[in-house]
Amino acid sequence: MRFTSAFLTVLFTLWTAVDAAAQENPLAYFRKDVGVVIRLSEPDRTFEKVAQIIEKVQPGVGAVFQEQQETVLGQVISNPGLTGVDPSRDWYVAVYAEKGAAPKIVFAIPAIRAEDMVAALAATMQTQVQKNWVLYTNDETLPSVVEGETFASLLTEANPNRLPAGDLSVFVNVRHLSTVYAEEVELMQEKVLESLGTLRFMEPEGGVDFEAIAQLYGTLAEAFFSGMKDAESVSLSVGLTDTEIAFDQFVEFTPGSGAAKFLAENQQDALDNLARLPANWPLYYGISGQMKELMKYGVSASQAMLKLGDEKRNAAQELVKDIEGLNFGAVVTAFDVVDSTAEIMRGVTLTTVTPIEKMQEFTRKSQEKIGSFSTDAVKQVTTIQTDAEEYGNRKGDIFTVKQVYADADEAGKVSSKVQDLMFGPEGMVSRSVYLDNQVVSTIGGGRQLMRSMLSSIENQKSNKIEKYRSGLMPKANFVVLMDVAGLAGRALKVSSKFEESPIMINPAAIDNLNLKISYLGFAIGSEGSTLKAQTRLPVDQITGLTKLGVL
């Protein structure tokens with residue numbers, strides 16, 4: 001009898017645990033064809049995190065925000081006093097889309113006392129109690145659910161990102177919504193094409209070919225709508241800590257679709273060369289993937305849009321053929337804004353490419369063939385100096401690009417002043433040095449910047465940027481690290497010297513803000529047929545931008 005009693009106790013405990021697990025979320029009460037599912041994790045703790053971030057950014061405001069927690073949450077779920085509600089467990093909202101009707105919103109809120117919650121809701125609400133969950137809607141009926149055809153059945157091991165973890169999660173059933181709103185999507189596509197058609201027949205102005213621009217945007221629009229057709233779902237999660245806000249987005253495409261094949265063709269990279277770039281600059285980015293196709297498209301599109309005639313178009317087509325003989329790896333770049341009387345813009349790019357001799361030939365040829373041109377609005381002159389400088393056993397080229405704008409054009413006068421301010425009166429001066437399998441290119445900064453870059457590469461010196469990438473995917477197709485507050489501060493200091501600037505600020509006032517160096521991080525990569533995008537927003541960035549805003 002003792003053994004039987006113990007055995008029954010164990011069975012009861014296991015049953016209780018299984019039953020509790022089944023009640024952790026209400027996804028089994030949502031239909032499989034739900035349009036959108038939103039999950040708010042433990043609202044009381046999430047609001048506390050938000051309040052802590054606000055308090056860190058603006059002392060005193062966070063406490064006021066937290067005092068409004070109950071009021072705000074109550075209004076969101078149509079239960080002003082949170083009567084019978086459990087704010088320590090996740091809340092859910094489902095949105096059902098029906099053709100020709102307004103979306104149906106269904107709340108699934110955990111209850112401490114279900115009867116109290118139901119009684120607190122408006123009489124117009126349709127309610128249903130499922131274990132310790134209360135489902136309700138302001139619609140006429142609650143959606144009926146068939147066993148085995150629920151949203152929970154979509155959350156398999158093969159699709160872990162359909163409702164990702166986080167303080168806030170959102171799932172969008174793109175495949176279903178595209179079917180429901182097929183007519184609206186088609187109408188949107190027609191309007192886009194109609195607008196591009198209007199642009200196509202505009203007369204060229206200032207040397208700009210609007211037909212080529214329409215073709216460019218038409219290609220982008222085609223890719224967008226094609227991707228929409230291939231997409232199955234989009235998921236987003238937002239995570240909060242006392243140091244950053246993390247956004248993770250997943251776009252799931254149909255395996256074998258055009259979009260899925262495109263993802264597979266774009267090789268990801270660790271982009272380690274970002275660490276070789278100068279330290280503490282406000283902007284870094286790296287690209288890995290179909291660089292050859294991007295370069296070919298860029299050369300062709302730039303010449304087509306400027307409508308420079310047959311000679312330039314033929315030269316561009318010849319350059320596109322030359323690109324075929326190049327093999328590209330990752331490309332990393334950094335930009336800086338400096339408070340200088342000579343120039344305010346500096347840039348560094350490190351391109352991995354082979355064979356290096358062909359890349360050198362291509363760079364020189366491209367500057368010679370299409371670097372100089374003339375339109376009604378602007379004349380661009382490119383000066384080439386090959387092997388003009390020595391850096392140890394390496395020689396470097398110098399390219400100087402100067403644009404002269406039409407005097408009668410007021411916009412041209414402003415553009416001319418901006419050019420002089422950014423790059424100096426000589427124009428944009430860039431340097432290129434060719435290593436074994438890399439091209440080092442600089443804009444501005446003179447010989448010293450090139451020397452510094454070559455030394456960093458030779459000595460494998462790190463700029464410590466990797467610590468700001470710690471929350472992003474280790475390999476990606478595209479990574480951006482931007483000190484938005486720092487860049488804005490530098491730009492405001494420089495703009496104070498520009499008479500036409502709409503904002504005049506004493507540079508010393510910006511220095512006194514003591515803006516901390518931090519970086520907004522963004523990365524795009526893929527895993528199988530799923531596109532991943534990550535954003536990391538440090539609280540220090542929000543604080544810095546708030547200080548600038550107040551100033």
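Student: Which residue stands opposite glycine 286 in β17?

Tutor: In this predicted model, the residue of β17 that stands opposite glycine 286 is valine 479.

Student: How many bridges hold β9 and β17 together, and in which sense do they pair?

Tutor: Strand β9, residues 283–287, and strand β17, residues 478–482, are joined over five bridges, and their pairing is antiparallel.

Student: What else does β17 pair with, then?

Tutor: β17 also pairs with strand β18, which covers residues 520–527, again in the antiparallel sense and over five bridges. Within that pairing, valine 480 has phenylalanine 522 of β18 as its bridge partner.

Student: Switching to the interior: which residues have the most contacts inside the largest nonpolar core?

Tutor: That core has 27 residues, and those with the most contacts inside it are Leu274, Leu277, Tyr284, Val440, Leu454, Val479 and Leu481. At least two residues of this core come from each of β10 (327–337), β11 (345–354), α14 (446–458) and β17, with α14 giving the largest share, five residues.

Student: What does leucine 454 touch?

Tutor: If residues up to four places away in sequence are not counted, leucine 454 touches Tyr391, Val433, Leu435 and Val440. Apart from the largest core there is another one, of 18 residues, which includes Met291, Ile323, Val353 and Ile356.

Student: Different topic: is alanine 63 buried or partly exposed, and why?

Tutor: Alanine 63, which is found in helix α3 (residues 61–67), counts as partly exposed because its relative accessibility is 42%, whereas buried would require a value under 20% and exposed a value over 50%.

Student: And where does alanine 63 sit relative to phenylalanine 373?

Tutor: Their C-alpha atoms are separated by 60 Å, and the two residues are 310 residues apart along the chain.

Student: What span should helix α15 have?

Tutor: Helix α15, residues 484–495, has 12 residues, so at 1.5 Å a residue the helix should span 16 Å, and this agrees with its end C-alpha atoms, which are 16 Å apart.

Student: Which residues of α15 are buried?

Tutor: The buried residues of α15 are Ala485, Gly486, Gly489, Leu492, Lys493, Val494 and Ser495.

Student: Last one, on the overall picture: how many helices and strands does the protein chain have?

Tutor: The protein chain has 17 helices and 19 strands, and its C-alpha trace spans about 95 × 55 × 50 Å along the principal axes. Of its 551 residues, 43% are buried, and the accessible surface comes to about 29100 Å², with 56% of that belonging to carbon and sulfur atoms.

Conventions:
Residues are numbered from 1 along each chain as its sequence is written. This is a predicted model: local features need pLDDT of at least 70, side-chain atom pairs count only at pLDDT 80 or more; totals for chains, interfaces and linings use all residues. Side-chain values use heavy atoms; hydrogens and water are left out. Two strands pair if DSSP finds at least two bridges between them. Helices (H or I, at least four residues) and strands (E, at least two) are DSSP runs, numbered from the N terminus. A nonpolar core is a set of buried Ala, Val, Leu, Ile, Met, Phe, Trp, Tyr and Cys residues joined through side-chain atoms within 4.5 Å. Buried means under 20% relative accessible area, exposed over 50%, partly exposed in between (1.4 Å probe, protein chains only). Contact means heavy atoms within 4.5 Å. The expected span of a helix is 1.5 Å times one less than its number of residues. Accessible areas come from the Shrake-Rupley method with a 1.4 Å probe; for residues, only the protein chains shown count as cover.
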